[in-house]
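Reader: Please give me a close look at the backbone in the loops, and at how the residues there sit against the rest of the chain. I would like one connected account, with the wider fold brought in afterwards as the setting.

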Amino acid sequence: DSLDLPTVFVVLTLAGIGIFTIASATIEQPGREGTWRMQMIWCLIALVAAAVIVAVDYRSWAETAYLLHGAVILLLILVAFFGREVGGNRSWLVVGPLRLQPSELAKWTTCLVLAVYLARRVRTRIYFRQLIEMGLLAAAPVALIALQPDMGTALIFVPIFLAAMLIGGVPWKVIAALILLGLLLTPVAWFQLKDYQKERILTVLDPGRDPSGYGYQVRQSKIAIGSGGLTGKGLFRGTQSQLNFLPAQHTDFALAVFVEELGFVGAAAVLALFYYLFHRGVLAARSAQDRLGTYVCLLVVAWIAGQMAINVGMVLGRLPTIGVPLPFISYGGSALLAAACGVALIVNVRSRRFVN
């Protein structure tokens, strides 16, 4: 076996950027000065977990995929009854000093279980019954997450499932028809949304709407990004973060903090690192010894790429503010752990490309 060092390096670099960004975003926030230290501890935990996943052949993880997926669904059920509410969402299980967000782990197990299903049950193309079965595998965690209600996290499963349909051989016409059906059902979904969710969507359509209320976060994010210019104001010198104008600056809007301090050059560097990570994921998929390895890599890439795209859209005001963190950079132990475990599967597949 040969460890996929370039992929490991790019993830460690992104995590390091995240620690510096979180430190800058929280240094002037009373009670949160040590947040970056907690993120560093989670980085170490994620590194250990990733090492365990890489050490065990991905085919062995596939053998336990349904069991792991079922265990995470059980945790999501426990969240529904015993979860702690944070920021309006009941998403957390708290056991002593440990706080865990099972919805983040559900992304990992969903990628794994869908890859296993495709590798074992689908030969040439997906038929209707198989599509329904796959839908149920993904819908179980999505439904429980939507009940929290955490629509932002639930939305991340969309690119994962779309990728599963594509690599499973579902014709473009069928996917286009499903997307069209979703658009036609939009008016029905609109009336199911809460008032604050409607306001966030309307703010995207009309950026000047409620600038001191629901549009405040996006407005401050745009100011931070615009004030960064080409090279930024320098680390720990961003006024939007240092003066606490930007809400959720160490979580959902961490990218805005980073861009204000390192400018367009910093933003381009971060996006280049992500794109290189995705390139490594696709490369691992192409060189995999079996379909299982290929599917695992592509689904993890779809997950992290989709989550990155949604977060960037939020920060730029092109998508509603729905509480989606930027992988490896935003503060959050569960999110960091899940993303690291996802990339560990890619490293696992890539490292065993020459193993019979």
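Author: P149 is found in the loop between α6, which covers 128-146, and α7, which covers 151-155. In this predicted model, the peptide bond that joins Q148 and P149 is cis, with omega at about -10°. That geometry deserves a remark, since most residues other than glycine have a negative phi, and most peptide bonds are trans. Both halves of that general statement are useful for the loops discussed next.

The loop between α13 and α14 is where A248 lies, and A248 has a positive phi of about 50° although it is not a glycine. With a relative accessibility of 26%, A248 counts as partly exposed, because that value falls between the 20% below which a residue is buried and the 50% above which it is exposed. Its sequence neighbour Q249 is likewise placed in the loop between α13 (239-242) and α14 (254-287), but Q249 is buried, at a relative accessible area of 1%. Once neighbours within four places in sequence are left aside, the contacts of Q249 are A25, Q29, Q240, S241, N244, A254 and V257.

A second loop to examine is the one between α15 and α16, which contains F328. The phi of F328 is positive, about 75°, although F328 is not a glycine; at 3% relative accessibility, F328 counts as buried. The loop between α15 (291-315) and α16 (333-351) also holds L319, which at 33% relative accessibility counts as partly exposed. Not counting residues up to four places away in sequence, L319 touches V204, A309, I310, G313 and M314. The neighbourhood of L319 can also be described through the backbone: its C-alpha atom is separated by 9.2 Å from that of T203, a residue 116 positions away along the chain.

One further turn belongs in this account, although it joins strands. In the hairpin of β2 and β3, two residues lie between the strands, and G96 there takes a positive phi near 65°. Strand β2 (residues 89-95) is joined by three bridges to β3 (residues 98-100), the two running antiparallel, and L98 in β3 is the bridge partner of V95. On its other pairing, β2 meets β1 (residues 84-86) in the antiparallel sense, again over three bridges, with W92 in β2 as the bridge partner of R84. W92 also takes part in a side-chain arrangement, in that the charged end of R99 sits over its ring, 4.7 Å from the ring centre.

Aromatic rings are found in pairs elsewhere too, and the structure holds four aromatic pairs. In one of them, the rings of F81 and F82 have centres 6.4 Å apart and planes at 50°, so the pair is tilted; both F81 and F82 are exposed. One aromatic cluster is formed by F274, Y275 and F278.

For the setting of these details, the protein has 16 helices and three strands. Its radius of gyration is 20 Å, close to the 21 Å that the globule rule gives for 356 residues, so the protein is as compact as a globular protein of that length. The C-alpha trace spans about 55 × 50 × 40 Å along its principal axes, and 50% of the 356 residues count as buried. Of the contacts with a separation of 6 or more, 73% are between residues 24 or more positions apart.

Covalent links between cysteines play no part in this picture, as the structure holds zero disulfides. C43 is in no disulfide, the nearest cysteine sulfur being that of C341, 13 Å away, and C43 is buried, with a relative accessible area of 17%. For C111, the closest cysteine sulfur is in C297, at 11 Å, which is too far for a bond because a disulfide needs sulfur atoms within 2.5 Å. C111 is buried as well, with a relative accessible area of 1%.

Notes. Residues are numbered from 1 along each chain as its sequence is written. This is a predicted model: local features need pLDDT of at least 70, side-chain atom pairs count only at pLDDT 80 or more; totals for chains, interfaces and linings use all residues. Side-chain values use heavy atoms; hydrogens and water are left out. Two strands pair if DSSP finds at least two bridges between them. Helices (H or I, at least four residues) and strands (E, at least two) are DSSP runs, numbered from the N terminus. Buried means under 20% relative accessible area, exposed over 50%, partly exposed in between (1.4 Å probe, protein chains only). Rings of Phe, Tyr and Trp (its six-membered ring) pair if their centres lie within 6.5 Å; planes under 30 degrees apart count as stacked, over 60 as edge-to-face and the rest as tilted. A charge sits over a ring if NZ of Lys or CZ of Arg is within 6 Å of the ring centre and within 35 degrees of the ring normal. The radius of gyration is taken over C-alpha atoms; the globule rule is 2.2 Å times the number of residues to the power 0.38. Contact means heavy atoms within 4.5 Å.
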